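Reader: I'd like to learn how to read helix packing from a model. Can you walk me through it?

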Amino acid sequence: MERWFEKQSRIVQIILLLIPGVNWVVEVLVRWSHALRKGSLLKYIIAILVTFFGGFIGWLDCIWCLLFKHLILCD
């Protein structure tokens with residue numbers, strides 16, 4: 001899911017992160033796929049936090065993605 005998200009255009013990524021509900025689903029899927037692929041403890045902690053607080057973190061990721069072209073701590 002992470003690679004699919006990264007292949008999307010910036011506008012599609014921003015739209016996915018702006019829509020409530022879709023925002024949380026995208027966050028959870030991208031973070032867990034990144035954690036499983038990278039396998040570090042920090043990635044797993046972030047994935048767990050996003051699972052419970054994904055809505056708020058998704059809004060931050062929307063701004064971060066707009067500015068830096070990737071999700072927070074997902075590069």
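**Helices and how they pack**

Author: Sure. Keep in mind that this model is predicted. Let's start with a pair of helices: α3 and α4 pack at an angle of about 150°, with their axes 8 Å apart.

Reader: How are α3 and α4 oriented to each other, roughly parallel or roughly antiparallel?

Author: Angles over 145 degrees count as roughly antiparallel. The α3 and α4 pair has an angle of about 150°, so these two helices are roughly antiparallel to each other. As for handedness, α3 passes α4 in a right-handed crossing. Sorted by class, the residues in their contact are twelve nonpolar, six polar and five charged.

Reader: Okay, now a single helix. Which residues of α2 are buried?

Author: Here's the general idea: an α-helix has 3.6 residues a turn, so residues three or four places apart point the same way. Now the case here. Helix α2 covers residues 10-18, and its buried residues are Gln-13, Ile-14, Leu-16 and Leu-17. Looking down the axis of α2, you'd find these buried residues within an arc of 160°, so they line one face of the helix.

Reader: What do the buried residues of α2 pack against?

Author: Their partners are α1 (2-7), α3 (22-38) and α4 (41-68).

Reader: And Lys-38, where is that one found?

Author: In helix α3. Lys-38 has a relative accessible area of 44%, so it counts as partly exposed. Leaving out residues up to four places away in sequence, Lys-38 touches Lys-43 and Asp-75. Lys-38 and Cys-74 are 36 residues apart in sequence, and their C-alpha atoms are 9.8 Å apart in space.

Terms used: Residues are numbered from 1 along each chain as its sequence is written. This is a predicted model: local features need pLDDT of at least 70, side-chain atom pairs count only at pLDDT 80 or more; totals for chains, interfaces and linings use all residues. Side-chain values use heavy atoms; hydrogens and water are left out. Buried means under 20% relative accessible area, exposed over 50%, partly exposed in between (1.4 Å probe, protein chains only). Helices (H or I, at least four residues) and strands (E, at least two) are DSSP runs, numbered from the N terminus. The arc is that of the directions from the helix axis to the C-beta atoms. Contact means heavy atoms within 4.5 Å. Axes are lines fitted to C-alpha atoms, for helices over the stretch in contact, and angles run from 0 to 180 degrees between N-to-C directions. Angles under 35 degrees count as roughly parallel, over 145 as roughly antiparallel, 65 to 115 as roughly perpendicular and the rest as oblique. A crossing is left-handed if the near helix is turned anticlockwise from the far one by less than a right angle, and right-handed if clockwise. Ala, Val, Leu, Ile, Met, Phe, Trp, Tyr, Cys and Pro count as nonpolar, Asp, Glu, Lys and Arg as charged, and the others, Gly among them, as polar.
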